[in-house]
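Colleague: I'd like to learn how to read burial and charge pairing off a model. Can you walk me through this one?

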Amino acid sequence: MTATTSAVRALSGTRRRPQPTGRANRSAWLFIAPNLIGFLCFTLVPLLAAIAIAFTNWNVVSGLDGISFAGLSNFTQALGSGALWSAAARTVFYAGTAVPLTMLGGLGLALLLNRDIPGRTVLRVLFFLPHVVTSVAIGLVWLLLLNPDSGLVNSGLRAVGVGSPPDWLISQTWGLPSLVLIAIWSAVGYNAVLYLSALQGMPVDLYEAAALDGAGAFRKFTTVTWPALMPTTTFLAITMTIGQSQGFGLIAFLTQGGPGDSTTTLSYYMYQQGFQFYRFGYAAAIGMISFVGVLVLTAFLWRFQKGRGLYT
């Protein structure tokens, strides 16, 4: 059997792969160690601690001696709270509006920037810049733009005949839509860059074959472009849904959950319970509920796209 195996390997040109030595293993672990340590310290350990705290009553002020086991009371209280369901509804509106509009805008920009237009490289950089700017800088810019009295947006609306433009961030009606607008503006360039990368990696022969079959621009998009973009679309849908449902920085800086509670999403509601009211067990339970909701939605999005792409 050994001779036969050796003969087959010789004929097929395959060789036994050399096993890594102990020194090579140590070198590999040294390269992995920084990321692994960071994951353990800043992701896994906090996650396990949050799960444990969710089953306790703890106000952090009393120290570790003040931790008492609460069982499922935090979860039952949270699920029975009208405030939590209201915050969840605002989160669904915030993420459910911002994510598809951002992806649609990013796709449109990518299709435009994929053409041979003057200044294309400069435009790519300009559209991507908001993604690398801090939330505070973005918030300061939009505070000036959306100022009800002297902001550029309302000044423009008055110039075209709108007598009473919205109060935007200080209005209970317009506060959350204003945050959606800002979220779209800050992320649309990132979506455009990813879509553009996918567009430029598409095989040209597919478009040539479609043209020979008499397909027009719309038909090419629906049969070639869109199916080929499905992996990128799925990635953006999942990562942006997770990110927007956990959005906190802009809300904390611009509205602090107000006016009233009109912009209090789940993430900000959890922050209020934990760091303003010192109900850390209750806040951790809210975090676990939010995690399960996002996990279910992510699984649905992943299952929905399966088999719909051009390369699947």
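Modeller: Sure. A residue is called buried under 20% relative accessible area, exposed over 50%, and partly exposed in between. Keep in mind that this is a predicted model.

Colleague: Okay, so how does Asp261 count on that scale?

Modeller: Asp261 has 44% relative accessibility, so it counts as partly exposed. Arg90, by contrast, is buried, with a relative accessible area of 15%. Across the protein, 34% of the 312 residues count as buried.

Colleague: And what about charges? What's the general idea there?

Modeller: Side chains of opposite charge can pair when their charged atoms come close. Here, the structure holds 1 salt bridge.

Colleague: Which residue does Asp261 form a salt bridge with?

Modeller: Its partner is Arg90, and the closest N and O atoms are 3.3 Å apart. Asp261 sits in the loop between helix 11 (249–254) and helix 12 (266–276), while Arg90 belongs to helix 4 (residues 82–113), so the pair ties together parts that are 171 residues apart in sequence.

Colleague: How far apart are the mean positions of the positive and negative charges?

Modeller: They are 18 Å apart, taken over 17 positive and 8 negative charges.

Colleague: Last one: how do I read the overall fold?

Modeller: Start with the elements: the protein has 13 helices and 2 strands. Then check the radius of gyration, which is 26 Å, against near 20 Å for a compact globule of 312 residues. The C-alpha atoms fill a box of roughly 80 × 65 × 35 Å along the principal axes. For contacts with a separation of 6 or more, 64% come from residues 24 or more positions apart.

Key: Residues numbered from 1 in each chain as written. Predicted model: local features only at pLDDT ≥ 70, side-chain atom pairs only at ≥ 80, totals over all residues. Heavy atoms only, no water. Helix = DSSP H or I, 4+ residues; strand = E, 2+ residues; numbered from the N terminus. Rg over C-alpha atoms; globule rule 2.2 N^0.38 Å. Buried < 20%, exposed > 50% of the residue type's maximum accessible area, 1.4 Å probe, protein only. Contact = heavy atoms within 4.5 Å. Lys, Arg positive; Asp, Glu negative; His and termini not counted. Charge placed at Lys NZ, Arg CZ, Asp CG, Glu CD. Salt bridge = Lys/Arg side-chain N within 4 Å of Asp/Glu carboxyl O.
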